[in-house]
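Hi there,

Here is the structure I promised to pass on to you. Have a look at it, and then read on for what turned up when I went through it.

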Amino acid sequence: MGLSGRQCPDCARRVREPFEKTITGREVCPGCANALLIGAAAGAITHDVGSGYGVWAMLMRKLRRAG
């Protein structure tokens with residue numbers, strides 16, 4: 001991809017797309033931000049703690065990238 005991309009602090013990928021800001025104010029790549037948002041939404045729909053699902057989504061994304 002080249003040296004022009006930024007490295008995401010969560011998944012360690014280098015991406016060229018603009019980073020997105022999460023609810024907590026962290027800047028992550030669009031893929032990580034989307035995984036966190038979907039996980040939190042799933043938790044809200046099931047009336048459970050949404051942040052737990054968001055953390056789970058981020059962990060699963062890291063595991064897929066590592067493998």
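Asp 10 sits in the loop that runs between β1 and β2. In this predicted model, Asp 10 counts as buried, with a relative accessibility of 13%. Leaving out residues up to four places away in sequence, Asp 10 touches Arg 26, Val 28, Cys 32, Met 58 and Lys 62. With one of these, Arg 26, Asp 10 forms a salt bridge whose closest N and O atoms are 2.3 Å apart. Asp 10 is in the loop between β1 and β2 (14-15), while Arg 26 is in the loop between β3 (20-21) and β4, so the pair ties together parts that are 16 residues apart in sequence. The side chains of Asp 10 and Arg 26 are also joined by a polar contact of 2.3 Å. Unlike buried Asp 10, Arg 26 is partly exposed, at a relative accessible area of 37%.

How many salt bridges does the structure hold? There are two. Besides the pair just described, Glu 27 forms a salt bridge with Arg 6, and here the closest N and O atoms are 3.4 Å apart. Glu 27 belongs to strand β4 (residues 27-28) and Arg 6 to strand β1 (residues 6-7), so this pair ties together parts that are 21 residues apart in sequence. Both partners are partly exposed: Glu 27 has a relative accessible area of 38%, and Arg 6 has a relative accessibility of 43%. As you know, side chains of opposite charge can pair when their charged atoms come close.

On to the nonpolar side. The largest nonpolar core has nine residues in all: Cys 8, Cys 11, Val 15, Phe 19, Val 28, Cys 29, Cys 32, Ala 33 and Met 58. Val 28, Cys 32 and Met 58 from that core are among the residues that Asp 10 touches. Phe 19, another core member, is in contact with Arg 6, Gln 7, Cys 8, Pro 9, Glu 27, Val 28 and Cys 29, leaving aside its neighbours within four places in sequence. That list includes Arg 6 and Glu 27, the two partners of the salt bridge between β1 and β4.

With those cysteines in the core, you may wonder how many disulfides there are. A search of the whole structure finds zero. For Cys 8, the closest cysteine sulfur is that of Cys 29, and at 3.7 Å it is too far for a bond. Cys 11 is in no disulfide either, as its nearest cysteine sulfur, in Cys 32, is 3.7 Å away. Cys 8 is buried, with a relative accessible area of 2%, and Cys 11 is buried too, at 10%.

For the overall picture, the chain has two helices and four strands, arranged along the sequence as β-β-β-β-α-α. Of its 67 residues, 28% are buried. Among contacts with a separation of 6 or more, 17% are between residues 24 or more positions apart.

Finally, a word on confidence. The chain has a mean pLDDT of 75, and 69% of its residues reach 70 or more. Confidence is highest in β4, at 89, and lowest in helix α2 (residues 50-66), at a mean of 68. Where pLDDT is low, the predicted coordinates should not be read in detail.

Best wishes

Methods: Residues numbered from 1 in each chain as written. Predicted model: local features only at pLDDT ≥ 70, side-chain atom pairs only at ≥ 80, totals over all residues. Heavy atoms only, no water. Core = buried A, V, L, I, M, F, W, Y, C linked by side-chain atoms within 4.5 Å. Buried < 20%, exposed > 50% of the residue type's maximum accessible area, 1.4 Å probe, protein only. Contact = heavy atoms within 4.5 Å. Salt bridge = Lys/Arg side-chain N within 4 Å of Asp/Glu carboxyl O. Polar contact = N/O pair within 3.5 Å; in protein donor to acceptor, adjacent residues only side chain to side chain. Disulfide = S-S within 2.5 Å. pLDDT = per-residue confidence, 0-100.
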